[in-house]
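Colleague: I should like a close look at one part of this model, namely the empty space enclosed within it and the residues around that space. Please set out the criteria behind each term as you go.

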Amino acid sequence: MGACECPALFLLLSLLLLPLGLPVLGAPPRLICDSRVLERYILEAREAENVTMGCAQGCSFSENITVPDTKVNFYTWKRMDVGQQALEVWQGLALLSEAILRGQALLANASQPSETPQLHVDKAVSSLRSLTSLLRALGAQEAMSLPEEASPAPLRTFTVDTLCKLFRIYSNFLRGKLTLYTGEACRRGDR
């Protein structure tokens, strides 16, 4: 092979492998560290909350749904190591995903399902899947390490009975714990 053929072969190989999803130079390795990405999810959650605020009929659940408590004690949060924060966010995200899926099932079984709330629930399901993937790419699962003698604190929860309350929890979780965790994890990754 001549010296002239190697760059051409490399270029051809690069173009063939590009669609396979291999990392591209200049692409952000941790997309969730771009604040605009998380802001888009927060905006969608707030929109869903606002749309369902005026929804009286068809937005109440036939049973209570368990959701994570979204309150953040900032003093305690700042004293937690990133592994404990990751664990709390993963647990909350998992419970929130279950709650949204349960809400989706309850809406689908309602006697008069409404299209607009269903659309927002479907968007939330998709968004939570995407957020889970983005957190995985950030390395949040690997960060969940606790000292062997420490056991994780139980996740604080409560129940909701309307779609509006569910979306309020979803929005608060994204704006609160998820934003705090990703901010800290991204700063640590940049060091």
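Modeller: The account below begins with the enclosed space and then turns to its surroundings.

This is a predicted model, in which local features need pLDDT of at least 70 and side-chain atom pairs count only at pLDDT 80 or more, whereas totals for chains, interfaces and linings use all residues. Residues are numbered from 1 along each chain as its sequence is written, and side-chain values use heavy atoms, with hydrogens and water left out.

Rolling a probe the size of a water molecule over the atoms shows where empty space is left. On a 1 Å grid over the protein atoms alone, a cavity is a set of points where a 1.4 Å probe fits but cannot get out, while a pocket is an open set with protein on both sides within 12 Å along at least five of seven lines; lining residues have an atom within 4 Å of a point. Grid points are joined across faces, edges and corners, and a volume is the space filled by probe spheres set on the points.

A search of the whole structure finds 1 cavity of 30 Å³ or more. The largest cavity holds about 40 Å³ of space. Its lining consists of Glu44, Ala45, Ala48, His120, Lys123, Ala124, Ser127, Phe167 and Tyr170. At least two lining residues come from each of α2 (35–53), α5 (115–138) and α7 (163–190); helices (H or I, at least four residues) and strands (E, at least two) are DSSP runs, numbered from the N terminus. The greatest contribution is that of α5, with 4 residues. By class, the lining has 5 nonpolar, 2 polar and 2 charged residues, where Ala, Val, Leu, Ile, Met, Phe, Trp, Tyr, Cys and Pro count as nonpolar, Asp, Glu, Lys and Arg as charged, and the others, Gly among them, as polar.

Two of the lining residues, Phe167 and Tyr170, deserve separate mention. The structure holds 1 aromatic pair. The ring centres of Phe167 and Tyr170 are 6.4 Å apart and the planes stand at 50 degrees, so the pair is tilted. Here rings of Phe, Tyr and Trp (its six-membered ring) pair if their centres lie within 6.5 Å, and planes under 30 degrees apart count as stacked, over 60 as edge-to-face and the rest as tilted. Because Phe167 and Tyr170 are 3 residues apart in helix α7, about one helical turn separates them. Phe167 counts as buried at 1% relative accessibility, and Tyr170 counts as buried at 2%; buried means under 20% relative accessible area, exposed over 50%, and partly exposed in between (1.4 Å probe, protein chains only).

Helix α5 also contains Leu131. With a relative accessible area of 0%, Leu131 is buried. Apart from neighbours within four places in sequence, Leu131 is in contact (heavy atoms within 4.5 Å) with Ile32, Leu38, Tyr41, Leu174 and Leu178. Leu131 and Leu93, 38 residues apart in sequence, lie 8.8 Å apart in space, C-alpha to C-alpha. Tyr41, one of the contacts of Leu131, has the charged end of Arg40 over its ring, 4.4 Å from the ring centre. A charge sits over a ring if NZ of Lys or CZ of Arg is within 6 Å of the ring centre and within 35 degrees of the ring normal.
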